[in-house]
Amino acid sequence: MITRRRFFRDASVTSITLALQPHVQKLFGQERQEVYHNPILGGDHPDASPIRVGDDFYLTHSSFDYAPGLLIWHSRDLINWRPIAAALLRYYGTIWAPYLCEYDGHFYIYFPANNRIQVVHAAHPAGPWSEPIDLGLDAIDPAHIAENGRRYLYTNGGQMVELAPDGLSVKSAPRTVFAPWTIPQSTRIECTCLEGPKMLAHNGYFYLNVAEGGTGGPATSHSVISARSRHAEGPWEFSPYNPIVHTQSREDRWLNLGHGRLVDTAQGKWYMTVHSYENEYRTLGRQLLLLPVEWTADGWFRIAPEIAADSAIPMPVPGTSQQAFADPSDDFDTPKLGLQWSFWHEYDPSRFETAKHYLRLAARGKNLQDTSVLTNPVGGHSYTVEVEVEIETGCEAGLLLFYNPEHATGITLSSIGIHVRVGNGLTFDHQSSVPKRATLRIVNDREEVDFYYRFDGQAWQRTEESAEISGMHHNVLGGFLDVRPALCAWGAQSATFSRFRYWPEANPPQ
């Protein structure tokens, strides 16, 4: 019998063979070039907004309910990315689909916070960034474009407004300038949901990419639809290649492909970033993929037909190779909290202390539903996280796999011992006479989760309880979130964490 996992394995082998065939090598103008595999960022990094500045690439993506927000990533090859800054240093609300852009040598991020459009700006993508400016627009998914010195902002629903010359205020009321492309009735979708505009001026045309079909729902819902016009305000004509990107079958590896933005290299190659849920691993959220683009003789673009999202694809920049994702492990030995960390619904620097090989975190709230956890998003089908924790009287603290306050699993330490919360919310207590300090480990083995602990000088113990988390994703729980490791502390006083460790595989204690 051909199982789904075997299907994926065989499809990957076929894709690698395809990508290395001579006609594919010719497409990229080079033989035996290094290849990359999607995703280019593991874990939840949706609605990406990449730009090129000379030989450098920068992007940001949705922050949702976490702060610091609008993380800025840098790359020299479009494949290997490292975080360099955060544009938002406080919690401003739920942030979806930001738009990073450059205009006249200055940089802007237009973004919705709680469904209201804001903008920050800076002289360089690394910042420092201004405080947010409220544009007074009740909308989501902004996208900036300019023509002959006039600046415009597109938003969801095909709406557009004109901006002031400085891009920091609105000159006109919103008006509808774009209608959805008609999705074939045979396609199984969640909704039309015209959103996610992305803009490009190229060779005398303005190109508008939008998302249609719904981000979640059935595997075939999401898509990239493209149109072009001679003017930034339209009128728009649809591409004959629509949908530009679309999941064909729920058996595919990458589901709900969509929300695409184009970016070019200094060598003149073109690519599109899209996000996607991975089949059987929706808990990882929408991961970031990169697809090669080719321009047609009549001025349209399409994804290179020889390449699929799960192919082995030649590297965009010659002489580079794909590296492992950055290790999020932390010894807490820097004055600032690492950029891999973000808090749920708050960012309060007075709550924590770092830089001395530990992180002291003040307790917040009375329980998991009442606290703000500190999260660290990671990718991978299996992984292991571990941390040492010491608590003060009245504090409960530990290690979680967190989706939201109502849906999390993990292991914590309190004055009475060890506590295990499984995937359905049930909590089990393990009494102990050595409760003040412990090392906690969570092993996520393809969405089945085991919990381990040890006290100083003692052997590892595995708890009787394990968890199963495959249902912790947007189609079940809503929120467009992901499952991510997290540190937590509630009750009274504080907890001290040290030696946070991550392994990109299931690594139970020996």
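**Notebook: rings and a small sheet**

I went through the aromatic rings of this predicted model and the count came to 19 aromatic pairs. I picked one pair to look at up close, Tyr66 with Trp344: the ring centres are 5.4 Å apart and the planes sit at 70 degrees, and since over 60 counts as edge-to-face, that is what I wrote down.

Next I checked where these two rings come from. Tyr66 belongs to strand E4 (residues 66-67) and Trp344 to strand E25 (residues 342-344), so this pair ties together parts that are 278 residues apart in sequence. Buried or exposed, I wondered, for Tyr66 and Trp344? Both Tyr66 and Trp344 turned out to be buried.

I stayed with Tyr66 and looked for a charge over its ring. I found the charged end of Arg484 there, 3.9 Å from the ring centre.

Then I looked up a cluster. Tyr205, Tyr207, Trp270, Trp295 and Phe301 are linked into one by ring pairs. Tyr205 has a charge to note as well: Arg228 lies over its face, 4.1 Å from the ring centre.

Last stop, a sheet. I traced four strands in an open sheet, in the order E11-E12-E13-E14, with antiparallel pairing. Which strands stand at the edges? I noted E11 (143-147) and E14 (175-176); each has a single partner strand, so one side of each is left without a neighbour in the sheet.

I followed E14 to its partner. Strand E13 (residues 159-163) pairs with E14 in the antiparallel sense, over two bridges. For Met160, I found that the bridge partner in E14 is Arg175.

Definitions and conventions
Residues are numbered from 1 along each chain as its sequence is written. This is a predicted model: local features need pLDDT of at least 70, side-chain atom pairs count only at pLDDT 80 or more; totals for chains, interfaces and linings use all residues. Side-chain values use heavy atoms; hydrogens and water are left out. Two strands pair if DSSP finds at least two bridges between them. Rings of Phe, Tyr and Trp (its six-membered ring) pair if their centres lie within 6.5 Å; planes under 30 degrees apart count as stacked, over 60 as edge-to-face and the rest as tilted. Buried means under 20% relative accessible area, exposed over 50%, partly exposed in between (1.4 Å probe, protein chains only). A charge sits over a ring if NZ of Lys or CZ of Arg is within 6 Å of the ring centre and within 35 degrees of the ring normal.
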